[in-house]
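Open the model in your viewer and keep the selection tool handy. We will go from stop to stop, choosing a few residues each time and looking at what is around them.

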Amino acid sequence: YGLTLLPRVCDKVTDLVDFVEALMEILPSNYLLAFSVCKKLSSNATKCSASLSFWASSLLVNALFHAVPIAPEYAWVEAADVLHDLTDIKCIQESFHKKAVSVYPFSIKLWKSYLRLCETEGNVESVKKAAKEKGIELD
């Protein structure tokens with residue numbers, strides 16, 4: 001499912017991308033594989049370009065969005081952390097968080113992650129208000 005599907009040694013990043021894309025075409029909801037790819041790319045050993053970071057982030061988000069049954073809450077929380085570490089592309093992170101809190105509206109961890117993201121943009125009050133509507137106090 002995940003790390004076991006990735007080649008141990010990959011000389012070219014393009015080979016890794018092609019390999020993972022082929023696997024994801026077969027099973028687009030394989031978020032464990034997407035996690036493994038993101039973790040591999042965000043490790044210190046691998047230099048990750050902005051385009052590669054975008055691809056990996058999109059891969060993870062799409063895999064979670066396609067998962068049936070819905071991925072467990074801990075997977076969404078871990079994905080929020082991975083996205084925070086992997087990319088500075090706010091639109092992907094914001095889209096992910098909006099979906100995550102709609103899937104798990106009572107998850108304090110996801111709401112706090114969303115709040116942490118919005119602190120950099122200044123949208124803190126709107127997130128706090130949305131959480132409060134669900135009965136969650138974020139302070």
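Start by selecting Leu64, which you will find in helix H3, residues 50-66. Bear in mind as you look around that this is a predicted model. Is Leu64 buried or exposed? Its relative accessible area is 2%, so Leu64 counts as buried. Now show its surroundings: setting aside neighbours within four places in sequence, Leu64 is in contact with Tyr31, Ala71, Ala75, Trp76, Ala79 and Phe96. Add Ala34 to the selection too and draw a C-alpha to C-alpha distance: Leu64 and Ala34 are 9.0 Å apart in space, with their positions 30 residues apart in sequence.

Next, turn to charged pairs. Side chains of opposite charge can pair when their charged atoms come close. How many salt bridges does a search of the whole structure find? The answer is three, and we can visit them one by one.

Select Lys39 and Glu78 for the first stop. Their closest N and O atoms are 2.5 Å apart, and the two residues form a salt bridge. Lys39 lies in helix H2 (residues 31-42) and Glu78 in helix H4 (residues 73-86), so this pair ties together parts that are 39 residues apart in sequence. Both ends can be checked on the surface view: Lys39 is partly exposed, at 42% relative accessible area, and Glu78 is partly exposed as well, at 26%.

Stay on helix H4 and pick Asp81, then add Arg116 from helix H6 (residues 108-119). The side chains of these two, Arg116 and Asp81, meet in a salt bridge with an N to O distance of 3.5 Å. Because the partners sit in helices H6 and H4, the pair ties together parts that are 35 residues apart in sequence. Arg116 is partly exposed at 33% relative accessibility, and Asp81 is partly exposed at 37%.

For the remaining bridge, select Glu94 and Lys98, whose side chains meet at 3.6 Å, N to O. Here both residues lie in helix H5 (residues 90-103), four residues apart, which is about one turn of the helix. Lys98 is partly exposed, with a relative accessible area of 47%.

Finish with a patch of charge. Which residues form a negative surface patch? Select Asp11, Asp15, Asp18, Glu21 and Glu25 to see it. Within this group, zoom in on Glu21, found in helix H1, residues 13-26. Glu21 has 31% relative accessibility and counts as partly exposed.

Key:
Residues are numbered from 1 along each chain as its sequence is written. This is a predicted model: local features need pLDDT of at least 70, side-chain atom pairs count only at pLDDT 80 or more; totals for chains, interfaces and linings use all residues. Side-chain values use heavy atoms; hydrogens and water are left out. Patches are made of residues with over 30% relative accessible area and no salt bridge: like charges are joined within 9 Å, nonpolar side chains (Val, Leu, Ile, Met, Phe, Trp, Tyr) within 5 Å. Accessible areas come from the Shrake-Rupley method with a 1.4 Å probe; for residues, only the protein chains shown count as cover. A salt bridge is a side-chain nitrogen of Lys or Arg within 4 Å of a carboxyl oxygen of Asp or Glu. Lys and Arg count as positive and Asp and Glu as negative; His and the chain ends are not counted. The place of a charge is taken as NZ of Lys, CZ of Arg, CG of Asp or CD of Glu. Helices (H or I, at least four residues) and strands (E, at least two) are DSSP runs, numbered from the N terminus. Buried means under 20% relative accessible area, exposed over 50%, partly exposed in between (1.4 Å probe, protein chains only). Contact means heavy atoms within 4.5 Å.
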